[in-house]
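Hello,

Please find the structure below, followed by my notes on one chain and one pocket.

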Amino acid sequence: MNQSRIGGLGRRRVDATPFLLLTPILTMLTLLILGPEIWALLLSFTEYSPGYAPQFNGIKNYVDTLKDPIFIDSVVRNVLFVLAIVSLEFLVGLGCALLLDHDFPLKKLWVSLLIAPYAISPVVAVVMWRFLLDPSYGAVNYLLSVVGIPAVAWFGPGLRSFVPIVIVDVWKFSPFMMIIAYAALTSLSREVYEAAAIDGASGIQAFFRITLPLIAPALLVGLVFRIIFAIRTFGIVWILTKGGPGNDTGILAIYLYKQSFRFYYFGRGAAVSIFMVIITFILAFGIIKQMYRRIF
Amino acid sequence: MGFLLVFSMVLFASGGKEEGAKTAEPRELIIISHRVHKAVATGENGKGRNMVAEFEDKFNAKVTFQTYPTNEVQDKLFRLGPLSKCDEDIIYVVPQWSSRQTAKFLTPMNDFMNKKPIENFETAYPPGMAKTWTYNGQLHAIAARAGTSSPFYNKRIFAERGVSRFPKTPEELLEAARKTTYTLPSGEKVFGFCVRGTKWEIAEKLPVFSRMWEGDVIDMDHKVVINEPPVIKALNLLRTMYSEGLMPPNWGTIDYAEIVKLTMEGRLAISMHGANYSPTLNNPEKSKEAGNLIPAHMPLAKEFQTAERDFGVSFVWFWAQAILNGSSDKDLAWDFIQFIGSKDARAELAKSGNAIAHIEVMQASTDPGIAIYRELAPFSRPAFPGMENYGEIAELVGDMVHKVVIQGQDAQATADAAKKQIEAVMKY
């Protein structure tokens, strides 16, 4: 084995082979992951539009972005949107997982049906929902009218425009939380519950004192993933509303897309992407900290 | 020595053969365009000849269309334009993208035109369209497809609801929309009026409405007049229609596909389309309302009507063919533009459903939508002047329209704010 002495006399010998073996993959990762990130960071300090050479402009893109009320609105909207959908997905996913943790007829079929939305292509799913929710000829309004509920003007102004987005997102991504929670639930030992029952614990007590603490690490991992993915939500919003009406459903990824690919301000778009990383970190930090505390 | 001589002769001969075979191979021409340009050039509907195949035969070329939605064609222009060399040769462009900067991405055409002129170019092609893409005396793009946006009315619905003719004034338009909005026995609603409502689409259409009062959003001299009475009246008209439920409640998300679907299903009494959409909307294989959808002129406010013209001038739009600066075979690219620019080729493209940019072909057309365009073209102009950052301007205009029409904000105050925003960022 190729060994080399690192450091002076008296130090332990370090095997260089693992480092050599890791070098190709580390180089590749650096080029593929760090490279574009560094490029985006550098770009964010330039004024760069097609046909013009990039010009260094210091922190102007960051200042201009922070001064833009549409950006601030997008941040607020994005944070509220993330909190809403991740909370709902958590509750729906956990609820479904708890139901699936019991034996009942056709359970495998139910598992498949509940997971199905997650397996469908996002674009197909969103287009399907767009037709279902169409106020003029959508099936949802038709079904509502059958039971005597007046037609809902989906995609109307204000909060109404966000409702279809939240519905589609929760429908699409709750199965992700469900899978994680269900996997964690199936790994729990039944003996703990038997012991709790002997001690006289009620079902609710068993859930809050035993189930939830034991599956919490898995749920936290799921939540971190969902927060990271939810912050950069783009496809659902773009296909359903394109950020409208007005900017009522304009969230950060829509703002970034417009800056970069509608207005062709690549430097400004890069600055927005850096802000998105920071916001993601802030939102996920608490959960990551909690997760490390519980796991390690 | 003799062996070497024979060997080298064989090698030379075989090399020559290879070279000969190479020159016999078709030259490649790659075209970036919207899907419709490929459809009309290749005669997809079976009515016109396949002009691309004829070009390929004549010039021993292989033409490949790479097709994208309009905004992605613009994206391609901005990405490929700055390159000194690229595989793509021709790109289709619209007037809103015309600026000194984008002209730098394209090959000047005067030399080509002098050496191999397009048949009757001076008289057959509208000079205004050529002017849009002329910088420093150099033409940069040739109009290939042109038309206007016009209202189509459903004559069955009009007859059933007691509306005798298409409205001539904005007030009549509102009344007609009111009369033709109703609920079918099935519970489905028929809307009196609709125009595409996404921000980018309504931004382009706002000038059409303001021109019912002879106004503009940004005039051809780049003066921002978005807060002047014609635009305010147009905004208030749209707001009234939306708030009274004469337009679909999801109007802000209605795009091209959705408005065509609603129109062909008989769910819209008046809807805005390209004037050349008559064959599409009245196609009996796809439309429930085939034969009922009639193109008309935009109304015009009474005070602006004259003996010469009693209709709004809508706007003229056109697509033009340009040669990318990085094209590796500009001669072949020009050969294509010249070939497809002849009267014969343009007539075939028209049969395939192309909106006609060739004056002589347009005059011979019997399509009612083309007749609308023919009457309107001498008075009309593009929706916006050319500018570098049309995307950003369209966003601001569309945003303003949504704020007034959907969110119910005050038209004058919102337009005043939009004017300031536009003036601060517009580049041309």
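Helices (H or I, at least four residues) and strands (E, at least two) are DSSP runs, numbered from the N terminus. Counted in this way, chain B holds 20 helices and 11 strands. This is a predicted model, in which local features need pLDDT of at least 70 and side-chain atom pairs count only at pLDDT 80 or more, while totals for chains, interfaces and linings use all residues. Residues are numbered from 1 along each chain as its sequence is written, and chains are lettered from A in the order in which they are written.

Chain B first. Its C-alpha atoms fill a box of roughly 100 × 50 × 40 Å along the principal axes. The radius of gyration of chain B is 25 Å, which agrees with the value near 22 Å for a compact globule of 428 residues (taken over C-alpha atoms; the rule is 2.2 Å times the number of residues to the power 0.38). Of these 428 residues, 59% are buried, meaning under 20% relative accessible area with a 1.4 Å probe, protein chains only.

Now the pocket. The lining of the second largest pocket has 13 nonpolar, 13 polar and 16 charged residues (nonpolar: Ala, Val, Leu, Ile, Met, Phe, Trp, Tyr, Cys and Pro; charged: Asp, Glu, Lys and Arg; polar: the others, Gly among them). At least two lining residues come from each of helix 2 (60-67), helix 3 (69-100), helix 11 (252-262) and helix 12 (266-295) of chain A, and from each of helix 19 (390-405) and helix 20 (411-425) of chain B. A pocket here is an open set of points on a 1 Å grid over the protein atoms alone, where a 1.4 Å probe fits, with protein on both sides within 12 Å along at least five of seven lines; lining residues have an atom within 4 Å of a point.

Regards

Terms used: Heavy atoms only, no water. Buried < 20%, exposed > 50% of the residue type's maximum accessible area, 1.4 Å probe, protein only.
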